[in-house]
Amino acid sequence: MKNINPTQTYAWNQLRNHFLDIKAIHIKDLFFMDKYRFKKNSIVFQDFMIVDFSKNRITKQTLQLLLELARECFLEEAIQDMFAGKLINATENRAVLHTALRNTSDKSITVNHINIMAEINKELEKIKIFSNLVIQGRWKGYTGKSISDIVNVGIGGSYLGPYMVTEALRAYKNHLNVHYISNIDGTDVTEVLRKINLETTIFLIASKSFSTDETLSNANYLKHWCVLKTNNPQYLENHFFALCDNAHLAVKFGIKYENIFKFWDWVGGRFSLWSSSGLSIALSIGFKNFKLLLNGAHAMDQHFLHSKLSQNIPVILALVSIWYTNFFHTETEAIFPYDAYMHALPEYLQQSVMESNGKSVDRNGCLVGWKTSPIIWGQSGTNGQHSFFQLLHQGTFLVPCDFIIPVISHNSVNNHHEKLLSNFLAQTRSLAFGSNYASEKKGFLNYRTEYPNLVHKLCSGNQPTNSIMLKKITPYSLGSLLALYEHKVFTQGVILNIFSFDQWGVELGKSFAEKIYKNIEKEISHESYDSSTLGLLNIYKAWRSR
Ligand code: F6P
């Protein structure tokens with residue numbers, strides 16, 4: 001992978017000038033000038049997804065320059081490098097091969113001269129056999145009863161991906177109840193324990209490193225609780241499983257070697273739902289559906305790998321995002337799934353995008369002089385319309401948004417879905433075009449004089465959106481959608497010249513937490529902490545002791 005400073009490219013300079021020409025142009029004028037704008041600025045993927053990026057503040061020239069930027073940053077070569085297993089996660093000296101987990105072709109993929117497909121397929125087979133046993137009631141708990149509840153204990157990528165997918169695919173769910181414990185907040189574990197019967201529950205300890213404090217603290221608590229409550233020292237044998245890249249630590253914890261589902265160091269935590277880290281997904285929707293999820297992602301991988309840049313959906317969305325962040329100086333991007341099952345998508349994308357690209361040192365080790373990751377936020381459905389959408393329509397921020405909706409709902413109720421779709425279309429339309437009276441050729445000042453009462457109702461529009469319409473949310477289409485976002489993140493990282501696959505920033509907080517925890521019960525010397533941390537700690541101790 002080449003380390004190009006994007007701002008030193010010819011295209012970036014051209015984009016700077018181009019921005020001055022385009023910044024005042026209104027989206028409504030772009031549509032007015034070209035009646036084929038939608039057709040030219042939307043891409044259909046297979047027969048179930050359309051990505052419409054026409055309601056953006058871009059012209060043909062913007063796209064050409066952005067594509068030129070991608071070429072100057074050697075994006076195509078970087079894509080090849082990732083899929084070929086080159087060590088592109090250089091700060092951790094690792095390949096990045098979550099795409100291999102969903103490789104359904106016969107193609108072999110090698111890491112350090114070893115074909116990893118054999119291992120991947122072996123692990124997939126293990127997931128298949130185990131999930132079938134549990135779902136069919138043939139895996140028994142310590143009293144001989146079938147399993148009814150699954151508890152996934154994990155945080156970050158070992159939680160957000162599996163949780164988001166099991167929620168998004170609730171329509172495919174079987175009889176098993178799936179629970180997630182992620183936080184070190186005792187409420188998390190307590191509330192789940194209230195809902196389950198230990199005789200019929202299995203625990204999946206999901207941690208790539210098998211050393212994350214939140215996960216291990218919860219796992220240890222559960223281990224002791226279960227052995228105590230069941231009065232059965234062998235409880236772990238049939239009830240505890242590890243999903244990890246560190247079998248040694250899992251065995252030390254007390255998990256049987258056969259109960260360990262492996263994944264590998266070339267699978268980043270936030271890209272791990274496709275691996276055995278996604279066992280809760282396979283258990284919840286069945287292995288067949290899990291495989292369809294992988295197949296859908298593989299289809300998008302092939303699109304990303306083989307489509308020319310100008311027709312490449314993840315590439316286009318990444319470039320448009322870079323355009324706003326770096327030239328319009330936007331700071332956030334919003335994700336609005338119009339599907340209640342997809343409610344956890346914004347939360348999942350927050351980790352995917354911000355943990356990957358929230359960096360300020362480039363691949364040359366220099367401080368970046370450009371913007372990297374936007375802040376991701378969002379919410380599902382029309383709920384947002386009745387709260388913060390006001391700011392999108394009339395506030396002072398420019399917020400590029402992704403609107404996502406299925407054409408066919410899993411729950412057909414009266415004409416609800418037609419109304420939901422109408423809202424979806426109405427929002428993207430009004431964000432782009434503004435109020436009707438705003439489209440008249442009158443400036444704001446004229447309005448103020450002529451229509452003093454209307455001025456507060458004026459919506460100027462020109463707020464950019466992408467619309468992603470899926471035929472239906474299925475395991476396959478969801479797989480494609482998630483892979484699309486993964487590759488968008490990758491593309492942005494390549495062009496912005498940062499390392500997207502490490503997360504050293506989160507380590508600092510972890511090490512401080514460790515230090516504070518060790519000192520919490522001891523006398524703390526004044527030199528160790530700043531006055532705020534010390535002050536709060538002292539209040540904590542004082543209030544706890546009363
Ligand atoms: O918070 C950082 C992080 O390393 C994430 O990248 C990761 O998804 C999460 O912690 C959990 O890590 P693990 O799966 O090793 O427990």
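In this predicted model, Arg102 lies over the face of Trp274, at 4.5 Å from the centre of the ring. A comparable placement of a charge over an aromatic ring involves Lys2, whose charged end sits over the ring of Phe74, 4.0 Å from the ring centre.

Aromatic rings also pair with one another, and a search of the whole structure finds 39 aromatic pairs. A pair of this kind is described by the distance of the ring centres and the angle of the planes. For Phe403 and Phe424, the centres are 6.0 Å apart and the planes stand at 75 degrees, and because planes over 60 degrees apart count as edge-to-face, this pair is edge-to-face. Phe403 belongs to strand E12 (residues 401-408) and Phe424 to helix H17 (residues 416-433), so the pair ties together parts that are 21 residues apart in sequence. Both Phe403 and Phe424 are buried. They also belong to a cluster, linked by ring pairs, that includes Phe336, Tyr338, Trp377, Phe388 and Phe389.

Turning to the packing of helices, H13 (residues 287-306) and H14 (residues 313-328) pack at an angle of about 70 degrees, with their axes 8 Å apart. Since angles from 65 to 115 degrees count as roughly perpendicular, H13 and H14 are therefore roughly perpendicular to each other. The residues that meet are Met300, His303 and Phe304 on the H13 side, and Ile313, Pro314 and Val315 on the H14 side. By class, this contact of H13 with H14 has five nonpolar residues and one polar residue, with no charged residues.

Conventions: Residues are numbered from 1 along each chain as its sequence is written. This is a predicted model: local features need pLDDT of at least 70, side-chain atom pairs count only at pLDDT 80 or more; totals for chains, interfaces and linings use all residues. Side-chain values use heavy atoms; hydrogens and water are left out. Axes are lines fitted to C-alpha atoms, for helices over the stretch in contact, and angles run from 0 to 180 degrees between N-to-C directions. Helices (H or I, at least four residues) and strands (E, at least two) are DSSP runs, numbered from the N terminus. Angles under 35 degrees count as roughly parallel, over 145 as roughly antiparallel, 65 to 115 as roughly perpendicular and the rest as oblique. Contact means heavy atoms within 4.5 Å. Ala, Val, Leu, Ile, Met, Phe, Trp, Tyr, Cys and Pro count as nonpolar, Asp, Glu, Lys and Arg as charged, and the others, Gly among them, as polar. Rings of Phe, Tyr and Trp (its six-membered ring) pair if their centres lie within 6.5 Å; planes under 30 degrees apart count as stacked, over 60 as edge-to-face and the rest as tilted. Buried means under 20% relative accessible area, exposed over 50%, partly exposed in between (1.4 Å probe, protein chains only). A charge sits over a ring if NZ of Lys or CZ of Arg is within 6 Å of the ring centre and within 35 degrees of the ring normal.
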